[in-house]
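Please keep your viewer open beside this text, and follow the stops in the order in which they come.

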Amino acid sequence: MCLNETPVLQVRNFTLRYGSGCPACGERLEKNRCALCGSVWAANDLSLDVYPGEVLGIVGESGSGKTTLMRSLYFDFTPTFGLALLRDYQEGRKNIWEASAADRRMIKNRIMGMVYQNPILGLRMNHSTASNIAEKLIAAGSRNAGQMTERARGLLESVEIMTSRMGEAPRNFSGGMQQRVQISKALANNPALLLLDEVTTGLDLSVQARVLDLIRKIKAEYGISILLVSHDLAVVRMLADRTIVMLDGKIAESGLTDQILEDPQHAYTQQLVHSLI
Amino acid sequence: MEILRVSDLGKDFYLHEPGLEIKSCHNINLTLRRGEFIGIVGLSGAGKSTILKCINRSCLPTRGEIWYDSALFGKINLVSASEREILYLRRHEIGYVSQFLNVMPRTTAKAHVMNALLLSAADMKTAEADAKEMLSYFRLPENLWNLYPATFSGGERLRLNLAHAMVKKPRLLLLDEPTAALDNKTKRLVRDILQKLKGPDTGMIGIFHDIAFMEGVCDQVFNISNGAFAS
């Protein structure tokens, strides 16, 4: 690890407001809602850095803006304002939210991988598992069917999906398997940054352990940077090097993960940690 | 040669819900030289673990300075070091061992030790060889190496923790009550291991309830009472 390293991702002042706003919008907020016009500030002035090879955890209650951040980074939502720089896009000099449609596709296919909480958003449920992965490979320029099949086979083996089932559509798979197919699809083009949005939510304990183990292996073997959103503090404790705690669209607190859990400073973080079973 | 100097360290915890400030430790001063072992003793709640957690930066000190002599950074104040610097030091130079084992699910004892090396960019082959050597050194039976540690006894867990911390050959080793909840035979084994670990390269600070067991191992002993070192 070199300490004058360039962050893989830098986000500055990211804000996403739902509603048309008003001249004094945001000056008087009730939680994250403007008391004057009712606009909702889903994300409000967020800034963060993700460094090479690190897992940055994001925790917070429902509606705190975690998924808004992740999906905005993957171009599903358009920010109201803010800046996001990727080390591997224009050498970190151009805001990805101002990129052309072609550049956005390139970023999604080559630089970032996304795993959604709901696999329906990340997979084509009626196409074969191999086709789901091939779609990513084709988007990044692959054309050789044999090579793509081999790549799909390797990726599915690494996420412990039987390759004899690669011809089946993900709709036939369990929730845990669908998450693992999503992960293999996200890894298809060796991205520098992986966005994981509540990947273990709703999975039973043994499947959850398998997915956590897989993420740990990805971190150790591929050295990919990971932005990990989770409700589950135990998941964040195991995987994240640093953690951000979000509340009402803002960052309440950030720090080393064990420091956040051992010595939380913010009232909300203390409440969250004290709620741990 | 000095490896760690703690000056006027103090830590208060503020709990928002009852609006309560808890003073944990204050006016803590100590100097650890290379190859030295400092023992800290005191009653439960006296503030022993807080001192180690402040050095490890699991807790944010309220006052004072902690100067560590790093191989990479030179003299660095752990209180004001960046999070990335602390992460680097934890991966390469500072080991922290507690009586609790924090292992990823589905991770075997050997893989747990190997992970410590893989995080510091070692290759798989070297990591495996070093992990095996360390597990043998700490006398963890070979038939346990490929098992999940959830079922290990207290002594086995501790030895695994020590192997995990020591495999990266830390310059500074922090031991947070490593002998708590162990029987006398295992405590003696730990003492022997710590005695063997004492060498010119590693400085160690350990917290113990029962300092008698550590007789002959510690170079300095501090007794903490009501958050401060008693004279």
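Helices and strands are here DSSP runs, of at least four residues for a helix (H or I) and at least two for a strand (E), and they are numbered from the N terminus. The model in front of you is a predicted one.

Begin by selecting the whole of chain B, and colour this chain by secondary structure, which should bring out 6 helices and 10 strands. While chain B is still selected, turn its C-alpha trace along the principal axes, where the trace spans about 50 × 45 × 40 Å. A compact globule of 231 residues would have a radius of gyration near 17 Å, and because chain B has 18 Å, the two values agree. Buried residues make up 44% of the 231 residues in this chain, and, among the contacts in chain B with a separation of 6 or more, 70% are accounted for by residues 24 or more positions apart.

Next, go to the open sheet of chain B, in which 4 strands lie in the order 2-1-4-5 with antiparallel pairing. Its edge strands, each of which pairs on one side only, are strand 2, which you can select as residues 20-33 of chain B, and strand 5, which is 74-77 of chain B. Looking across the sheet, you can follow a twist that averages 20° from one strand to the next.

Now select residues 2-15 of chain B, which are strand 1, together with residues 63-70 of chain B, which are strand 4, and trace the 5 bridges over which these two strands pair in the antiparallel sense. Which residue in strand 4 of chain B is the bridge partner of Gly10(B)? Zoom in on Gly10(B), and you will find that its partner in that strand is Arg63(B).

Note on methods. Residues numbered from 1 in each chain as written. Chains lettered and ligands numbered in written order. Predicted model: local features only at pLDDT ≥ 70, side-chain atom pairs only at ≥ 80, totals over all residues. Pairing = 2+ DSSP bridges. Axes fitted to C-alpha atoms, helices over the stretch in contact; angles between N-to-C directions. Rg over C-alpha atoms; globule rule 2.2 N^0.38 Å. Buried ≥ 20, exposed ≤ 12 C-beta atoms within 10 Å, placed from the backbone. Contact = placed C-beta atoms within 7 Å.
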